[in-house]
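The exercises below invite the reader to work through one protein model step by step. Please examine the sequence and the structure before attempting each task.

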Amino acid sequence: MTESEESARKCPGPNEDGSGLCGRAVYAHAGDIMVCQTHHRQYKKDGRLRPIRRVLDSDTSCTGPGWQNPTCDRPAVHWDLTTMPYSPLCKGHYNQKRAALRKGSGGLSPIKPTKMKHPSLTRDECGRKRCCVCEKWLDPEQFSPGGRSTDRLSAHCKACGNELRRMRAFGLSAKQFKEMIASQGNACAICRRAFDGIVNKVCVDHDHACCPGVRTCGECIRGLLCNNCNSSLGWFKDSVEAIVAAIGYLETWNDSRLLIPAHPRGPGEARSTLPRPSERISVVGTE
């Protein structure tokens, strides 16, 4: 079979991009030419030959705009017949195109990725869970208990949870928090005990006279303290007078400890010459 005879057996109708030959096997006459079966149905309907939409393969991706990528890359289910050549679109972008045609304005916009149905139950091959903030696969022990999730674990890891709480309460970013720890030598600003993150945890101290609640303006942060020092300042209500009185109280007690007998007082023994609490307090007040 010669090349001319072979081309005569192919449909000369327009192909997918609107130019060239269809290339399908001829079926019947459409006027003076032989066309394929699909073009023959078009010709019988309105006497015109139009490009035929190619059947979408399962691996055909949407060419619409992506959320974080240039293209959507979702599986395509429809053709965009308003472009030439035809563009494959996913269901979401195809609905956008139909709405834009009805309104006469607008175009395709990125589609936000849909959330997984049960993301809290998703595990990798090592049994690790993915944090929704840092997107790292971590052991389930790195997540705090959370009653609202399906697996009863928080959606974000403990480290990201601490960063989110510091940002909401104090307006401290992770970078600013690390810089503060480094400026204090990774130790409490009062007792100078090193932070270990387990027993001696880091607490952000702020001026309660400025912001008495849990959340602060971010301008009254004083420093980083351990849990014991931070709780002590809270019990003293940030009162300098009360702290000075406590210091005098301890100094008076240490000075009077030499007067305490070496053994417990027995029957008939004289009382200790240790001053009474009221006398010790009065001595502190006079200093």
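## Exercise 1: A strand and its partner

Both faces of strand S9 (residues 203–206) are covered, with Cys 203 and Asp 205 buried on one side and Val 204 and His 206 buried on the other. Buried here means under 20% relative accessible area, exposed over 50%, and partly exposed in between (1.4 Å probe, protein chains only). Helices (H or I, at least four residues) and strands (E, at least two) are DSSP runs, numbered from the N terminus.

The model is predicted: local features need pLDDT of at least 70, side-chain atom pairs count only at pLDDT 80 or more, and totals for chains, interfaces and linings use all residues. Residues are numbered from 1 along each chain as its sequence is written, and side-chain values use heavy atoms, with hydrogens and water left out.

**Task.** Determine how many bridges join S9 to strand S10, and identify the bridge partner of Val 204 in S10.

**Solution.**
1. Two strands pair if DSSP finds at least two bridges between them.
2. Strand S10 covers residues 221–225, and four bridges join S9 to S10.
3. The two strands run antiparallel.
4. Within S10, Leu 224 is the bridge partner of Val 204.

## Exercise 2: The nonpolar cores

**Task.** State which members of the largest nonpolar core touch the most other members, and find which element gives the largest share.

**Solution.**
1. A nonpolar core is a set of buried Ala, Val, Leu, Ile, Met, Phe, Trp, Tyr and Cys residues joined through side-chain atoms within 4.5 Å.
2. The largest core has 14 residues, of which Leu 172, Phe 177, Cys 188, Val 204 and Leu 224 touch the most other members.
3. Two or more residues come from each of helix H4 (158–170), helix H5 (174–183), S10 and helix H6 (227–235).
4. The largest share, three residues, is that of H5.
5. Contact means heavy atoms within 4.5 Å. Leaving aside neighbours within four places in sequence, Leu 172 is in contact with Glu 163, Arg 166, Met 167, Phe 177, Met 180, Val 204 and Ile 221.
6. Another core, of six residues, lies apart from this one and includes Cys 22, Ala 30, Val 35 and Cys 36.
7. In soluble globular proteins, nonpolar side chains tend to be buried together.

## Exercise 3: The faces of two helices

**Task.** Decide which residues of helix H2 (residues 37–46) are buried, and examine helix H7 (residues 240–256) for its span and its buried residues.

**Solution.**
1. The buried residues of H2 are His 39, His 40 and Gln 42.
2. Seen down the axis of H2, these fall within an arc of 160°, so they line one face of the helix. The arc is that of the directions from the helix axis to the C-beta atoms.
3. The face turned away from this buried side carries the exposed residues Lys 44 and Lys 45.
4. Strand S1 (28–30) and strand S2 (33–35) are included in what covers the buried residues of H2.
5. His 39 has a relative accessibility of 0%. Not counting residues up to four places away in sequence, His 39 touches Cys 11, Gly 13, Pro 14, Cys 22, Leu 49, Arg 50 and Ile 52.
6. The expected span of a helix is 1.5 Å times one less than its number of residues. For the 17 residues of H7 this gives 24 Å, which agrees with the 25 Å between its end C-alpha atoms.
7. In H7, Gly 248, Thr 252 and Ser 256 are buried.
8. Seen down the axis of H7, its buried residues fall within an arc of 65°, so they line one face of the helix.

## Exercise 4: Cysteines and backbone angles

**Task.** Establish how many disulfides the structure holds, and locate Arg 192 and Lys 237.

**Solution.**
1. A disulfide is a pair of cysteine sulfur atoms within 2.5 Å, and the structure holds zero.
2. For Cys 90, the nearest cysteine sulfur, that of Cys 62, is 3.7 Å away.
3. For Cys 203, the nearest cysteine sulfur, that of Cys 226, is 7.4 Å away.
4. Most residues other than glycine have a negative phi.
5. Arg 192 has a positive phi, near 65°, and is found in the loop between H5 and S9.
6. Lys 237 has a positive phi of about 55° and lies in the loop between H6 and H7.
7. Arg 192 is partly exposed at 47% relative accessibility, whereas Lys 237 is exposed at 70%.
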